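User: I would like to learn how features of a protein model are read, one at a time. Could you take me through them?

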Amino acid sequence: MENAGDAPLVIARGGFSGLFPEASQFAYQLALSTSLSNVILFCDLQLTKDGSGICKSDLRLDNSTNIALVYPKGQKTYKVNGELVSGWFSLDFSEKQIFTNVTLTQSIFSRPSLFDDSLPITTVADVTGLRPPKFWLNVQYDMFYKEHKLDVGAFIQESMRSMAINYISSPEIGFLKSLNGKINEARTKLIFRFLAPDAIEPTTKKTYSTILKDLSSIKSFASGILVPKTYIWPVDADQYLQAPTSLVSDAHKQKLEVYANGFANDVPGSYNYSYDPTAEYLQYIEGSSFSVDGFLTDFPPTASEAIACLVQNKNLKPKKGKALIISHNGASGTYAACSDLAYNEAIEGGVDIIDCSVQMSKDGVPFCLESADLTGSTTAMATFMSKASTIPDIQPKNGIFSFDLTWAEIQTLNLQLVSPIEDTGLPRNPANKNKGKLVLLSEFLEMAKTKAVSGVLINIKNAAYLASKKGFSVTDVVTRALSNATFDKQSTQQVLIESDDTSVLSEFNNVPTYKKVLTISEIIGDAPMKSVEEIKKFAEAVNIPRGSIVLTTGSLTTAYTDVVDRMHKGNLTVYVSVLRNEYTTIAFDFFSDPIMEIASYVSDIGVDGIITEYPATASAYMRSPCSDLNADLPYTILPAEPGSLINLVPQEALPPADAPAPALEAADIVDPPLPAATITASAPAAVPVGVPTKSGSPRNVANEGICLIALVVLSFLL
């Protein structure tokens, strides 16, 4: 095989069809400018009435163009491979008709529709005119066209006189055999494309699963096979990986190249990948004893970074000085938040700092959980509904709070793995839904010492309420726990103390090795120097949301704010939160790729740490040689250029701009002193003292929701 021992090839299906309409000029150009230098452009061939070749994956043009509006009477019904299909077909229209007012639309609803009706259909000659390193032509329906007096073979032979076609694939054996002797096989490889296992191959009338059993027969008319990815790594009905098949090894023994099909960042393949698309590519390269020869993908930059930057990196160390990886409730994208399994997963994934948000039980036991409200992260609703209450000082909605249950009662609950974006149809690993147990603060600190992580982050919430209403001094509890674990007597492991309350942070001034972090949870548009100087009286670092750093409109980035630069000028460390792998949380500019997002924050914006629910994904980037923009490498994960995509959107299609977020005001930063607590951590006591209003963030800031981040540098050769 030509590719034996080499890295797998990246084959861009319709160009960068994960972002722009498939087979558009923009899609092909972006694939060339953001992928490996040997990227292959892939075109699904369709023929017009007068024999012109266009690139579209579906016979029915109405699924991905506006042709039904332009020619409302053009619908036809044909029999295709034995089935009746209705729609607008290319063979019913001349090239001139198709290029008169017919424009492309995005056929997958999870992808941006902002470029609809602005880009024309692309011809085969248009694509080869871009001079790609290699060009792949897929012929899906030769028999159909032949039945209607259109000769695909003749079109290919004529085209090859003026253009290079390096690969020709088809699911029709008869078509591939008809090309033998008509093409130069030293220049053009024939690839047999497998469809669904139970689908019928038109020439032999056999199922593709039957043909798969006789790979030696394929060698007589093809040099390789293109197969759905599940032919190699099957998944069960619950979307979990099964053992790999022997297909790749068997095909390689027959000297057949193997190309895998069906890769897309916004079509998750298995829960095993934790919504990290690069993990899926790596599974086909280093997940077993074999590697495929190439990937047919809608997101060629992601395939490129997996191949060029992430293969065999597990034992590499992050470059010194890289941003810290801080967990958010452990690896809470994989296991229930703050469970022992979530913390262990974060540590094994390469986290630097593990975090614990300290909550108190009724009998004064400190433990780790993101919220004092147990209803979201445990099964408390089923058992303790009678203890539900509304506490406006903590949250506006009803809840069952940890300080109203004893530790023994809390231990009877099961944890729940929940997703903050579950309404988008992307649940987190169902097999882990109730796995793991809660961790005491003392156990958390012991784990950090035993596992030798770089440090811990202790987040203190609701301290004023707990002191005034429940009699607990959470700051005393944390101080004593850290001291008991000797964190106050060493400097090997970093200790971060985080709170949205400046009075809480002031309680830790007596231990100079502790680094204090002020939480600024609301989105801000600016950080004036007066506000920065006020923060410095209480903290050495800030934790700010993504929307305070990158401005977006309609899930497209528009600009970076100056917030990080202003904080840095004031000698404040900046951590950004919360990063997640799910593609619905990532701006379109980031190509639905969490590593692209991380690269922009770290390499361009220059944050000092990222707070993430998927530490392993961040660690993969930090270990990668491609994270060094100064390294001389064949491929680099470039940071974003905000506004690059939105500048390509037609003016009339632009979404309305969001209102600007307010600046952080100095008056909003300082909190009232903490009220005195009657007890520290033994028995509860009600103290009828009003709770001061906490701040740490602007008074009149509207929650803009998730504002998403920045983009890879785009280079269009229009």
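User: Which residues does UniProt list for "domain: GP-PDE", and how should I read such an entry?

Analyst: Such positions are given in the numbering used here, feature names are shortened, and annotations may be inferred rather than shown by experiment. In this case the unreviewed UniProt entry lists residues 8–307 and 323–622 for "domain: GP-PDE". Residues are numbered from 1 along each chain as its sequence is written. The model is predicted, and local features need pLDDT of at least 70, side-chain atom pairs count only at pLDDT 80 or more, totals for chains, interfaces and linings use all residues, and side-chain values use heavy atoms, with hydrogens and water left out.

User: What are the helix and strand contents of residues 8–307 and of residues 323–622?

Analyst: Helices (H or I, at least four residues) and strands (E, at least two) are DSSP runs, numbered from the N terminus. Residues 8–307 are 26% helix and 19% strand, with end C-alpha atoms that lie 7 Å apart. Residues 323–622 are 29% helix and 21% strand, and there the end C-alpha atoms are 8 Å apart.

User: How many residues of helix 23 are buried, and what do they pack against?

Analyst: A residue is called buried under 20% relative accessible area, exposed over 50%, and partly exposed in between, with a 1.4 Å probe and protein chains only. Helix 23 covers residues 615–623, and 8 of its 9 residues are buried, so the helix is largely enclosed by the rest of the structure. The buried residues are P615, T617, A618, S619, A620, Y621, M622 and R623. Taking contact to mean heavy atoms within 4.5 Å, these buried residues pack against helix 12 (300–310), strand 12 (324–327), helix 13 (340–348), helix 22 (594–605) and strand 24 (609–612).

User: How many disulfides does a search of the whole structure find, and which cysteines do they join?

Analyst: A disulfide is a pair of cysteine sulfur atoms within 2.5 Å, and the search of the whole structure finds 3 of them. One is formed by C43 and C55, whose sulfur atoms are 2.1 Å apart. This pair links distant parts of the chain, with C43 in strand 2 (residues 40–47) and C55 in strand 3 (residues 53–55), 12 residues apart. C43 is buried, with a relative accessible area of 0%, and C55 is buried as well, at 1%.

Another disulfide joins C309 to C626, with an S to S distance of 2.0 Å. It ties C309 in helix 12 to C626 in the segment after helix 23, which are 317 residues apart. Both C309 and C626 are buried.

The remaining pair is C356 and C368, with sulfur atoms 2.0 Å apart. Here C356 sits in strand 13 (residues 353–360) and C368 in strand 14 (residues 366–368), 12 residues apart. With bonded cysteines counted along the chain, the disulfides follow the pattern 1-2, 3-6, 4-5.

User: What is the torsion about the S-S bond of C309 and C626, and why does C338 form no bond with C368?

Analyst: The torsion for C309 and C626 is about -85°, so this disulfide is left-handed. For C356 and C368 the torsion is about -100°, so that link is left-handed too. The sulfur of C338 is 6.0 Å from the closest cysteine sulfur, in C368, and this is too far for a bond.

User: How many cavities are there, and what lines the largest cavity?

Analyst: Rolling a probe the size of a water molecule over the atoms shows where empty space is left. On a 1 Å grid over the protein atoms alone, a cavity is a set of points where a 1.4 Å probe fits but cannot get out, while a pocket is an open set with protein on both sides within 12 Å along at least five of seven lines, and lining residues have an atom within 4 Å of a point. Grid points are joined across faces, edges and corners, and a volume is the space filled by probe spheres set on the points. The count comes to 4 cavities of 30 Å³ or more, and the largest cavity has a volume of about 90 Å³. Its lining includes A264, N265, Y273, D276 and Y583.

User: Which helix gives the largest share of the lining of the second largest pocket?

Analyst: The second largest pocket holds about 790 Å³ of space, and of the 30 residues that line this pocket, the closest to its centre are N272, D276, A279, K314 and A616. Helix 23 gives the largest share of the lining, 6 residues.
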